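Let's walk through this model together, beginning with one residue and then widening the view. Please keep the structure open as you read.

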Amino acid sequence: MAFITIVLLSGFMMLAMYAILIMMVIGSFVLQFALSRLKNPWAGLILPALVSAFVLYLCVLSGDFLGGLVAMRYFVLVVVLYVLIYLFCRNRRKKQMLNPPEDKEQEKKKKYTYYYRE
């Protein structure tokens, strides 16, 4: 009976760890979107730089060169996704700056103003 309890508890612990890991990954992508939309263009490059530095740190400190390359493969994918998010958000921001929206009040007046013939 104790064996079943231990197996169930370890299964729940694994699920909890994976759930926390998934929430952290999703949170990091949301943070990347938020940082990329700021006025400062360098803010969106913070997360890719941190992950790149972490990858270099792992490769230098790992005793196994092939293990470092395997870890680097997965982290480089994350860095590429961060940079793509950054480029997407900066491109949208640049388009918005080139084509500023009209005044909202004038738009509403135009929309709801009726002209009558006499």
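Does V25 count as buried, partly exposed or exposed, and at what relative accessibility? Bear in mind that this is a predicted model. V25 is partly exposed, because its relative accessibility is 38%, and that value lies between the 20% and 50% cut-offs. You will find V25 in helix α1, which covers residues 2-36. Now look across to V78: the two residues are separated by 53 positions in sequence, while their C-alpha atoms lie 9.7 Å apart in space.

Stepping back, the chain has four helices and zero strands, so its elements read α-α-α-α from the N terminus on. Contacts tell us how these parts of the chain come together. Of those between residues at least 6 apart in sequence, 67% join residues at least 24 apart.

Helix α3, residues 65-98, is a good place to pause. With 34 residues at 1.5 Å each, α3 should span 50 Å, and its end C-alpha atoms are 48 Å apart, which agrees. Which residues of α3 are buried? They are G68, V79, Y82, I85, Y86, C89 and R90. Here a general point about helices is handy: an α-helix has 3.6 residues a turn, so residues three or four places apart point the same way. Try reading the list again with that in mind.

Finally, consider the chain as a whole. Buried residues account for 15% of its 118 residues. Its accessible surface comes to about 10,400 Å², and carbon and sulfur atoms contribute 73% of that area.

Definitions and conventions:
Residues are numbered from 1 along each chain as its sequence is written. This is a predicted model: local features need pLDDT of at least 70, side-chain atom pairs count only at pLDDT 80 or more; totals for chains, interfaces and linings use all residues. Side-chain values use heavy atoms; hydrogens and water are left out. Helices (H or I, at least four residues) and strands (E, at least two) are DSSP runs, numbered from the N terminus. Buried means under 20% relative accessible area, exposed over 50%, partly exposed in between (1.4 Å probe, protein chains only). Contact means heavy atoms within 4.5 Å. Accessible areas come from the Shrake-Rupley method with a 1.4 Å probe; for residues, only the protein chains shown count as cover. The expected span of a helix is 1.5 Å times one less than its number of residues.
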